[in-house]
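Here's a walk through this fold, one neighbourhood at a time. Have the structure open and follow along.

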Amino acid sequence: MSDPPAKRLFIKSYGCQMNVYDSERMAEVLRPLGYALTDRPEGADLVVLNTCHIREKAAEKVYSELGRLKEMRAEKAEAGQGRMGVVVAGCVAQAEGEEIIRRAPVVDLVVGPQAYHKLPELIARASRQMGERLAADFTPEEKFDALPKAREAGGVSAFLTVQEGCDKFCTFCVVPYTRGGEYSRPADAIEAEARGLVAQGVRELTLLGQNVNAYGGKDEGSSGGLAALVRRLARIEGLERIRYTTSHPREMDEALIAAHAEVPQLMPYLHLPVQSGSDRILRAMNRGHTIEDYRKLIDKIRAARSDIALSCDFIVGFPGETDADFEATLSLMRDVGYASAFAFKYSRRPGTPAASMAGQVDESVKEQRLARLLELLEQQQRAFNAAQVGRTVDVLFERPGRHEGQILGRSPFLQAVHVQGPQTLIGQVAPVKIGAAAMNSLTGELVASELARVLA
Ligand code: SAH
Ligand code: SF4
Ligand code: F3S
């Protein structure tokens with residue numbers, strides 16, 4: 001059988017790491033149909049927007065992009081280059097599918113996160129309806145045995161989804177509605193996918209889930225929770241580093257904390273969102289824990305792994321948040337000390353309980369609080385980076401840097417590290433003496449005496 005003609009596929013991710021991972025899987029599932037990835041939408045035969053619904057801004061971006069695609073499609077048709085198919089995938093697709101079709105006729109197909117495996121079939125059907133063949137040479141079997149097929153262009157660091165969905169129902173959040181309930185993949189399938197990735201040169205895996213540390217529980221083949229899964233993956237020869245994200249404080253169990261103390265591949269970096277430093281607000285958010293619980297948890301984690309770097313998400317301007325509540329958030333931040341964090345202005349999401357709560361906070365107040373929070377975060381991030389200067393840290397090199405002779409990697413604490421060094425180090429861990437620190441990266445020098453050993 002001859003190869004199908006190469007068609008250009010452009011996929012854009014708007015959301016979290018799981019959204020990025022899903023984009024990769026969509027590319028895999030479409031590859032047997034003859035689609036090859038391209039890095040720009042102009043002239044593409046198929047454009048997939050993998051959308052995010054988490055905040056209003058993220059969701060609205062999609063509609064402006066669809067406006068641009070409408071023009072691009074017309075240009076392509078005028079140039080006699082055939083038709084551009086437009087697919088909206090992701091969490092906006094799940095939440096507002098019908099509205100998308102109504103507002104943006106340019107869209108051929110809307111597909112939610114639970115249905116990506118059906119993409120080839122859906123595209124074939126959509127293209128038949130349009131009287132065109134978007135999906136030539138489609139063989140359904142290829143889709144079904146596609147399951148954990150790893151990507152072709154091998155990077156050093158890869159995402160691997162182990163858990164999906166959320167049963168927590170924080171009152172501000174759309175995820176339980178767009179992604180459905182918590183589901184954990186069987187450990188056998190995860191290990192197989194991990195081994196496939198490592199065989200292709202991956203040296204670091206970031207295990208993904210909306211509540212990744214809730215991994216396990218009721219689902220078959222996932223017993224022992226995330227700690228057991230991490231220990232199992234740590235036995236894979238060639239896998240140097242394991243990370244996971246995003247965790248919920250309520251799911252941070254003793255076994256996982258112990259794994260941080262005992263599994264060398266498990267990196268000393270933990271993204272553990274608290275959202276607010278005020279008990280009153282945490283209650284209104286339905287987070288299911290207090291500030292006291294969170295502080296004790298942090299103490300326990302630091303007792304197990306004293307050098308662990310902490311990262312967090314915060315929301316400012318949740319309904320009812322007073323100046324005093326906000327000050328409590330700042331003081332929690334000061335006490336804990338974060339290596340990095342994300343901060344968001346509360347965004348009212350249709351259908352979530354908080355959207356109709358009394359005491360919605362003015363946009364200008366949200367802006368002010370966000371600015372103050374970001375200022376403190378920036379100080380903490382700079383201080384954290386500066387503290388590395390003079391130290392020697394292990395860096396996993398991922399790719400060439402922007403400058404001649406430069407290579408770029410990450411410290412155990414997820415900091416970007418630039419050094420002058422040979423490309424042959426890409427995919428390897430080597431010690432680097434840190435010479436300087438900025439807000440978003442470090443620079444340093446390879447430790448010469450160690451280099452011969454690493455390169456041998
Ligand atoms: N499951 C993860 C987070 C998923 S969403 C957790 O529980 O932490 C990522 C982040 O987006 C959240 O941590 C929160 O800080 C932010 N977020 C979610 N909904 C939001 C909203 N309505 N407005 C502003 N930020 C929001
Ligand atoms: Fe959203 Fe809360 Fe679930 Fe995180 S735990 S995904 S913030 S509902
Ligand atoms: Fe966005 Fe969906 Fe992820 S709403 S943050 S893409 S789970």
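## A hairpin and its barrel

Start with β17 and β18, which form a hairpin with 3 residues between them. This is a predicted model, so take what follows in that light. The two strands pair in the antiparallel sense over 5 bridges, and one spot to look at is Ala437, whose bridge partner in β18 is Leu442. On the other flank, β17 (residues 429–437) pairs with β14 (residues 392–400), again antiparallel and over 5 bridges. Two of the matches there are Val395 with Ala430 and Thr392 with Lys433.

Zoom out a little and the hairpin turns out to belong to a barrel: 5 strands close up in the order β14-β15-β16-β18-β17, with mixed pairing. From one strand to the next, the twist averages 55°. Helix α14 (residues 448–455) lies across β17 and β18, and its direction is at about 145° to that of β17.

## The 24-residue helix

Now go to helix α13, residues 363–386. How far apart should its ends be? With 24 residues at 1.5 Å a residue, the helix should span 34 Å, and the end C-alpha atoms are indeed 34 Å apart, so the two agree.

A good part of α13 is tucked away: Lys366, Arg369, Leu370, Leu373, Leu376, Leu377, Gln380, Gln381, Phe384 and Asn385 are buried. Many of these sit three or four places along from another, and that spacing is worth keeping in mind. An α-helix has 3.6 residues a turn, so residues three or four places apart point the same way. What covers the buried residues of α13? The cover includes β12 (309–316), α12 (323–336), β13 (340–345) and both strands of the hairpin, β17 and β18.

## The open sheet

Over in the N-terminal part of the numbering, there's an open sheet of 5 parallel strands in the order β2-β1-β3-β4-β5. The edges are β2 (35–37) and β5 (109–111); each has a single partner strand, so one side of each is left without a neighbour in the sheet. Here the twist averages 25° from one strand to the next.

Inside the sheet, β3 (residues 46–51) and β4 (residues 85–90) run parallel and are joined by 6 bridges; Leu46 stands opposite Gly85 in β4. Two helices pack on the sheet. Helix α1 (residues 17–30) touches β1 (7–13), β2, β3 and β4, with its direction at about 165° to that of β1. Helix α2 (residues 56–78) touches β1, β3 and β4, and its direction makes about 180° with that of β3.

## Two helices that cross

Next up are α9 (residues 254–262) and α11 (residues 291–304), whose axes come within 8 Å and cross at roughly 35°. Which residues meet there? From α9 come Glu254, Ile257 and Ala261, and from α11 Leu297, Lys300, Ile301 and Ala304. By class, the contact has 5 nonpolar, no polar and 2 charged residues.

## Around the ligands

Ligand 2 has Cys166, Lys168, Phe169, Cys170, Phe172, Cys173, Val175, Pro176, Asn211, His248 and Arg287 around it. That shell divides into 7 nonpolar, 2 polar and 2 charged residues.

Ligand 3 is surrounded by Gly15, Cys16, Asn19, Thr51, Cys52, His53, Ile54, Cys91, Arg179 and Gln210. Sorted by class, its shell has 4 nonpolar, 5 polar and 1 charged residues.

Notes. Residues are numbered from 1 along each chain as its sequence is written. Chains are lettered from A and ligands numbered from 1 in the order in which they are written. This is a predicted model: local features need pLDDT of at least 70, side-chain atom pairs count only at pLDDT 80 or more; totals for chains, interfaces and linings use all residues. Side-chain values use heavy atoms; hydrogens and water are left out. Two strands pair if DSSP finds at least two bridges between them. The expected span of a helix is 1.5 Å times one less than its number of residues. Buried means under 20% relative accessible area, exposed over 50%, partly exposed in between (1.4 Å probe, protein chains only). Contact means heavy atoms within 4.5 Å. A residue is near a molecule or strand if one of its heavy atoms lies within 4 Å of it. Ala, Val, Leu, Ile, Met, Phe, Trp, Tyr, Cys and Pro count as nonpolar, Asp, Glu, Lys and Arg as charged, and the others, Gly among them, as polar. Axes are lines fitted to C-alpha atoms, for helices over the stretch in contact, and angles run from 0 to 180 degrees between N-to-C directions.
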